[in-house]
Amino acid sequence: MPRPEPDLLFVYGTLRSESDSGMADWLRARAFHLGPGHARGSLFMLDGYPGLIPGEAGSVLGNIYRLYDDGDEVLAALDEYEECSARFPAPQEYERRVIIVEAPDGPLQAWAWIYAWPVAGRERIDSGDFLKPGFSNS
């Protein structure tokens, strides 16, 4: 898998800095929060968490992090959290990929977890913000 330079991460759901999840706290202790960012695409509500489908339409709000020196360990742990490590059977719900994220200072490349299953019948989060959703049916 190609590595973005530098090691950046884009999170848009339960890992966001504003989230009260235990994993968001865990991530904040292992990566430096650079600030907000937007990815092109659509956000869908799954089972209490969101899934990003990249595309030209729409904008998804999230946070950009810079991974500390143990970045490989952090990514491996987050792959476990997102259930997309090798120990989970295929087809996996998420795939970790490098995407383009719009940051205040311009575009950058960052790791993100992309939803890999069909979204038919799922509610689209029209606001693009998992923490302040507005919905419509897909």
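User: Before we start, what makes two aromatic rings count as a pair?

Analyst: Good place to begin! The rings considered are those of Phe, Tyr and Trp, with the six-membered ring used for Trp. Planes over 60 degrees apart are called edge-to-face, and those under 30 degrees apart are called stacked. For two rings to pair, their centres must lie within 6.5 Å.

User: How many aromatic pairs does the whole structure hold?

Analyst: Keep in mind that this is a predicted model. A search through the whole structure for such pairs gives four.

User: What is the arrangement of the pair formed by Y94 and Y115?

Analyst: Let's look at the two rings together. Their centres are 5.7 Å apart, and the angle between the planes is 70°. An angle over 60 degrees falls in one named class, so the pair of Y94 and Y115 is edge-to-face.

User: How many residues apart are Y94 and Y115 along the chain?

Analyst: Y94 sits in strand β4, while Y115 belongs to strand β5, which covers residues 106-115. The pair therefore links distant parts of the chain. The separation between them is 21 residues.

User: Is Y94 buried or exposed?

Analyst: A residue counts as buried when its relative accessible area is under 20%. For Y94 the value is 5%. Y94 also touches many residues beyond its neighbours in sequence, among them Y12, L46, Y49 and W113. With its 5% relative accessible area, Y94 is therefore buried.

User: Y115 and W117 form a pair too. Which of the two, Y115 or W117, is partly exposed?

Analyst: This pair is edge-to-face, with 6.4 Å from centre to centre and 65° between the planes. Y115 has 4% relative accessibility, so Y115 counts as buried. The other partner has 36%, which puts it between the limits of 20% and 50%. The partly exposed residue is W117.

User: Which residues do the ring pairs link into a cluster?

Analyst: We have already met the pair of Y94 and Y115, and the pair of Y115 and W117. Ring pairs also bring Y49 into the group. The cluster consists of Y49, Y94, Y115 and W117.

User: Which peptide bond is cis?

Analyst: Most peptide bonds are trans. One bond here has omega near -5°, and it leads into P91. P91 lies in the loop between α2 (71-81) and β4 (94-103). The cis bond is the one from A90 to P91.

User: What is the phi of E83?

Analyst: Most residues other than glycine have a negative phi. E83 is not a glycine, yet its phi is positive. E83 lies in the loop between α2 and β4, and is partly exposed with a relative accessible area of 44%. Its phi is about 55°.

User: Stepping back, in what order do the helices and strands run?

Analyst: The protein chain has two helices and seven strands. Reading from the N terminus, their order is β-α-β-β-α-β-β-β-β.

User: What radius of gyration does the protein chain have, and why does it agree with a compact globule?

Analyst: With 138 residues, a compact globule would come out near 14 Å. The value for the protein chain agrees with that expectation. Along the principal axes, the C-alpha trace spans about 40 × 40 × 30 Å. The radius of gyration of the protein chain is 14 Å.

User: How far apart are the centres of the positive and negative side chains?

Analyst: The protein chain carries 12 positive and 22 negative side chains. Each set has its own centre, and the distance between the two is 2 Å.

Technical notes
Residues numbered from 1 in each chain as written. Predicted model: local features only at pLDDT ≥ 70, side-chain atom pairs only at ≥ 80, totals over all residues. Heavy atoms only, no water. Helix = DSSP H or I, 4+ residues; strand = E, 2+ residues; numbered from the N terminus. Rg over C-alpha atoms; globule rule 2.2 N^0.38 Å. Lys, Arg positive; Asp, Glu negative; His and termini not counted. Charge placed at Lys NZ, Arg CZ, Asp CG, Glu CD. Buried < 20%, exposed > 50% of the residue type's maximum accessible area, 1.4 Å probe, protein only. Contact = heavy atoms within 4.5 Å. Lists of a residue's contacts leave out its neighbours within four places in sequence.
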